[in-house]
Amino acid sequence: LNLRGFRMAQTMIFAIEEINQSESLLPNVSIGYHIYDSCGSRLSTMSATMALMNGHVFAVGERCKGQSPIHAIIGETESSATMILSRTTGPFKIPVISHSASCECLSNRKDYPSFFRTIASDYHQSRALAYIVKHFGWSWVGAVNSDNDYGNNGMTIFLNTAKEEGICVEYSVKFYRTESDKLQKVVETIKQSTAKVIVAFLTTSEMYNLLKQLHIQNITGLQMIGVESWITAKSLITPNSFHVLGGSLGFAVRKVDIEGFSDYVIKAFWETAFPCLRTERNSSQYALSCNVYQDLFALKHYNEDVPEQRYASNVYKAVHAVAHSLHSLLKCKEIKGCEKDLTIQPPQVVEALKNINFTVKMGDHVWFDSTGGVVARYEVVNWQQDSDGSVHFKPVGYYDASLPPHQRFVLNTENIIWVGGQLEKPRSVCSESCPPGTRKATQKGRPVCCYDCIPCAEGEISNETDAMS
């Protein structure tokens with residue numbers, strides 16, 4: 001069971017039930033839903049998309065009906081799957097709102113005119129990765145990314161920004177979760193490198209695979225700089241993971257508490273979605289139908305991960321964005337209710353989404369820019385360990401793209417624990433600074449950050465570190 005995906009489904013149902021009980025938002029109108037599991041498979045994503053567009057049952061050989069029974073789709077989780085979903089639904093102008101597909105490539109309105117998202121594009125995150133590396137004086141870093149749209153686009157932006165900022169990248173390697181041979185080559189590259197800092201633009205799945213191999217081969221002492229996909233993933237916390245990932249720094253989706261969601265996760269969800277838990281019916285047929293849910297029942301009283309569900313608020317906002325669009329299109333009034341004789345088509349919802357502007361109960365303001373995205377706001381978190389051995393993600397700063405450039409990036413460096421639990425920041429340079437009396441001499445075929453320090457020629461004077469006159 002993918003717990004993060006399960007919690008997202010719970011969030012969606014919670015938001016829909018909340019709206020259906022509201023007297024001010026869509027009064028006298030109820031929203032229905034179907035939820036499909038794409039199982040992390042692009043083929044399953046396509047299958048689920050066709051099922052959504054053509055009704056609940058869509059068999060091979062059937063013809064498309066020409067009219068979608070749905071008004072909007074919320075998903076997918078990964079960027080590559082979202083691209084498949086958006087390209088398939090695009091010609092029919094069915095709006096797709098993703099809670100976590102952050103690839104900058106999805107900002108292209110020509111290719112994805114009906115796509116929206118409640119997570120920011122990776123454009124800002126990728127650039128901010130370079131800023132954090134420069135901030136700590138690391139001029140020599142390694143880079144590894146997921147070999148998919150998310151990782152490749154994000155890493156390209158980072159590499160371009162790093163070059164602009166004078167940062168040298170010793171290696172840039174990539175792999176996909178199913179490519180064990182490529183993963184071994186990546187690990188070998190890391191093992192042979194001299195860079196002590198790694199920028200890891202990976203999904204949680206690839207990070208898990210890399211973490212496993214780094215632990216098996218006892219490769220430690222590397223300062224990891226991460227992205228929102230994995231930096232706060234509780235699934236990566238294992239008895240051995242802090243040995244490798246302790247001290248990691250990275251950008252996380254801001255943590256926003258949804259009032260009432262924790263109680264719903266424990267009680268209301270199970271009463272509404274799983275009526276077989278009620279004891280008044282005990283026939284053998286009824287018990288048999290409940291057996292398929294046995295694996296889920298273990299989660300009935302599990303609530304520990306809810307505070308770290310950082311994407312839950314994005315799902316919540318996506319559902320409310322659809323509801324506010326329909327509220328506008330159905331000309332709803334708080335006392336009179338909504339007009340009943342209006343037929344709403346998906347293209348109308350697309351246009352309505354472009355104009356929404358509302359505030360959800362957590363206080364967050366929701367609106368979409370010209371690319372269908374939202375303003376980039378991240379929390380900078382640090383992997384730290386308590387005295388009892390438990391790992392937590394400590395906030396040590398933020399990045400807010402809505403602020404003026406000189407105010408966007410703030411770090412509290414005194415609160416950071418570095419790799420290996422150290423209090424002293426690691427160094428990562430290709431060549432140390434040249435002392436007085438010497439000058440830099442570039443090494444043929446190597447980046448500008450790598451050089452030799454040679455004595456100044458007669459008649460030349462160098463009396464400052466790294467300077468020559």
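Helices α12 and α13 are roughly perpendicular to each other in this predicted model, because their packing angle of about 105° lies within the range of 65 to 115 degrees that counts as such. Their axes are 9 Å apart. A roughly perpendicular arrangement also holds for α1 and α9, and a parallel sheet is formed by three strands in the order β1-β2-β3.

**Helix α13 and its contact with α12**

- On the α12 side, the contact is made by Ala 321, Val 322, Ser 325, Leu 326 and Leu 329.
- These residues meet Gln 348, Val 349, Ala 352 and Leu 353 of α13.
- By class, the residues of the contact of α12 with α13 comprise seven nonpolar and two polar, with no charged residue.
- Within α13, which spans residues 346-353, the buried residues are Pro 346, Val 349, Val 350, Ala 352 and Leu 353.
- Because these buried residues cover an arc of only 165° around the axis, they lie on the same side of α13.
- The elements against which the buried residues of α13 pack are α12 (312-329) and the strands β2 (96-98) and β3 (115-117).

**The three-stranded sheet and helix α3**

- The sheet is open, and its pairing is parallel.
- β1 (73-74) and β3 occupy the edges with a single partner strand each, so one side of each has no neighbour in the sheet.
- Two bridges join β1 and β2 in the parallel sense.
- Ile 73 has Val 96 in β2 as its bridge partner.
- Helix α3 (residues 79-89) packs on the sheet and touches β1, β2 and β3.
- The direction of α3 makes about 165° with that of β2.

**The contact of α1 with α9**

- The axes of α1 (residues 3-20) and α9 (residues 261-273) come within 10 Å of each other and cross at roughly 85°.
- That crossing angle falls between 65 and 115 degrees, so the two helices are classed as roughly perpendicular.
- From α1, the contact involves Phe 6, Arg 7, Gln 10, Thr 11, Ile 13, Phe 14 and Glu 17.
- From α9, the contact involves Phe 261, Tyr 264, Val 265, Phe 269, Trp 270 and Thr 272.
- The residues of the contact of α1 with α9 divide into eight nonpolar, three polar and two charged.
- Arg 7 and Glu 17, both in α1, are charged, whereas the contact of α12 with α13 includes no charged residue.

Definitions and conventions
Residues numbered from 1 in each chain as written. Predicted model: local features only at pLDDT ≥ 70, side-chain atom pairs only at ≥ 80, totals over all residues. Heavy atoms only, no water. Buried < 20%, exposed > 50% of the residue type's maximum accessible area, 1.4 Å probe, protein only. Helix = DSSP H or I, 4+ residues; strand = E, 2+ residues; numbered from the N terminus. Arc of directions from axis to C-beta. Contact = heavy atoms within 4.5 Å. Axes fitted to C-alpha atoms, helices over the stretch in contact; angles between N-to-C directions. Parallel < 35°, antiparallel > 145°, perpendicular 65-115°, else oblique. Pairing = 2+ DSSP bridges.
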